[in-house]
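Take a walk through this model, from the whole chain down to single residues. Keep the sequence beside the 3D view as you read.

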Amino acid sequence: MSKQILVTGGTGFIGSHTVVELQNNGYEVVIVDNLSNSKIEVLEQIEAITGVRPKFEEFDLTDKQKVNDFFQKYTDLEAIIHFAASKAVGESVDKPLMYYNNNLNSLMNIMACMIDYKVPNLVFSSSCTVYGQPDKLPVTEQTPRKEAESPYGNTKSICEDIIRDTLKAYPELKGIALRYFNPIGAHETAKIGELPLGVPNNLIPFLTQTVAGIRPELSVFGDDYNTPDGSAIRDYIHVVDLAKAHVVAIERLLNDKNKANCEYFNVGTGNGVSVLEIIESFERATGEKVPHKIVARRAGDIEQIYADTTYANEELGWKAQSSLDETLLSAWKWQKNISES
Ligand code: GDU
């Protein structure tokens, strides 16, 4: 019998790509999502790609009763991948209580049910935001965490602490926190991808919307950083590579290959890429011009971060495969697809 996995936030950007990879690897998926930042049509797209429509329950994970009812109904769960969370950095500064309520309570409700209903395995969506601006690059999993720059970032650190403390108190449970760097790109079929609501905050959706003519110009936030070309550096990872890391993490938990009951992995490519290099790579990969101008730095941005992925490569046997050009081409194919429909 195939193993059943709960994927919260499974209709979102990273969630939907992970559901595809899980189903392609023979897992049975149940998605819980409140559709606050995604569309139900994603289920049809997942079915079009994999031939299987995942089970779906629409509710808000901050509702403790509904979470309990869910665990009472689904008794064959073997693991949970918890993506569901609010994730806009700027919005979190304006609405901190909403962020703490959504991101902390949903995790605590799920973990209480892991204990009560004996579902032992958790993979958690963490972020490189927990490292802040590190003193030394690249960052390893041992790089000290820093005080968060935003309430959003703080929820990721606090969630990691909630998981660490709960797993310590309940050693029959196991968890892996995957610290994502910057996920970009889309599925090769261009059937699923990132669907930003309103004006995108993130670089790639803003860039692709600019090239599609939806925005007049991309603003490059700062060219006076202490980097080779002056623009800020990040570690951009293809969302499908990131999705595959979740399948590997699930297999590690289910097959008892974990070394401790709470583990952390950096999930990036290991390459630091500047904003201007992104533009260059996009233009090379797609043959399109990116209209852009240099403007002032964006408040709250760090100068540079990229991963040391040695631990993930060696321990998980996982490595990001896609080149940056391929990844940006997939983002452009997705943008063209949604612009046309
Ligand atoms: N950038 C621009 N122009 C834009 C948008 C972004 O130049 O229009 C630059 C940013 O200044 C930054 C880089 O592009 O240097 C990437 O910016 P993103 O907004 O795409 O990503 P961030 O690295 O700022 O954000 C990521 C995640 C967030 C959160 C954050 C933590 O997307 O969810 O985890 O890291 O710092």
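Helices (H or I, at least four residues) and strands (E, at least two) are DSSP runs, numbered from the N terminus. Proline 138 can be placed in those terms: it lies in the loop between strand 5 (121-127) and helix 6 (151-169). A cis peptide bond joins leucine 137 and proline 138. Its omega is about -10 degrees. The model is predicted.

Now step back to the whole chain. The secondary structure of the protein chain comes to eleven helices and 13 strands. How does the radius of gyration of the protein chain agree with that of a compact globule? With 341 residues, a compact globule would have a value near 20 Å; the protein chain has 19 Å, so the two agree. The C-alpha trace spans about 55 × 45 × 40 Å along its principal axes.

Burial and contacts come next. Of the 341 residues, 51% count as buried. Among contacts with a separation of 6 or more, 80% are between residues 24 or more positions apart. The protein chain exposes about 15100 Å². Carbon and sulfur atoms supply 48% of that area. As for charge, the chain has 33 positive and 47 negative charges. Their mean positions are 2 Å apart.

One annotation comes from a record. An unreviewed UniProt entry carries "domain: NAD(P)-binding" over residues 6-327. Over residues 6-327 the chain is 39% helix and 18% strand. The end C-alpha atoms of that stretch are 28 Å apart.

Go next to helix 1, residues 13-24. Serine 16 is found in this helix, and threonine 18 has its place there too. Is threonine 18 buried or exposed? Its relative accessible area is 0%, so threonine 18 is buried. Serine 16 has a relative accessible area of 1% and is therefore buried; the cut-off for buried is under 20%.

What do these two residues touch, leaving aside residues up to four places away in sequence? Serine 16 touches Gly10, Thr11, Val42, Ile46 and Ile192. Threonine 18 touches Ile81, Phe83, Ala243 and His246. One pair to trace in the 3D view is serine 16 and valine 89. They are 73 residues apart in sequence. In space, C-alpha to C-alpha, they are 21 Å apart.

Follow the chain to helix 4, residues 89-94. Glycine 90 has its place in helix 4. At 44% relative accessibility, glycine 90 counts as partly exposed, because that class runs between the 20% and 50% cut-offs. Glutamate 194 is 104 residues from glycine 90 along the chain. Their C-alpha atoms are separated by 18 Å.

Two loop residues deserve a look at their backbone angles. Lysine 118 is in the loop between helix 5 (96-116) and strand 5. It has a positive phi of about 55 degrees although it is not a glycine. Lysine 118 has a relative accessible area of 68%, so it is exposed. Aspartate 256 is found in the loop between helix 8 (239-254) and strand 11 (262-267). Aspartate 256 is not a glycine, yet its phi is positive, at about 55 degrees. Aspartate 256 counts as exposed because its relative accessibility is 56% and the cut-off for exposed is over 50%.

Note on methods: Residues numbered from 1 in each chain as written. Predicted model: local features only at pLDDT ≥ 70, side-chain atom pairs only at ≥ 80, totals over all residues. Heavy atoms only, no water. Rg over C-alpha atoms; globule rule 2.2 N^0.38 Å. Buried < 20%, exposed > 50% of the residue type's maximum accessible area, 1.4 Å probe, protein only. Contact = heavy atoms within 4.5 Å. Areas by Shrake-Rupley, 256 points an atom, 1.4 Å probe, with all protein chains shown as cover. Lys, Arg positive; Asp, Glu negative; His and termini not counted. Charge placed at Lys NZ, Arg CZ, Asp CG, Glu CD. UniProt positions renumbered as here; feature names shortened; annotations may be inferred.
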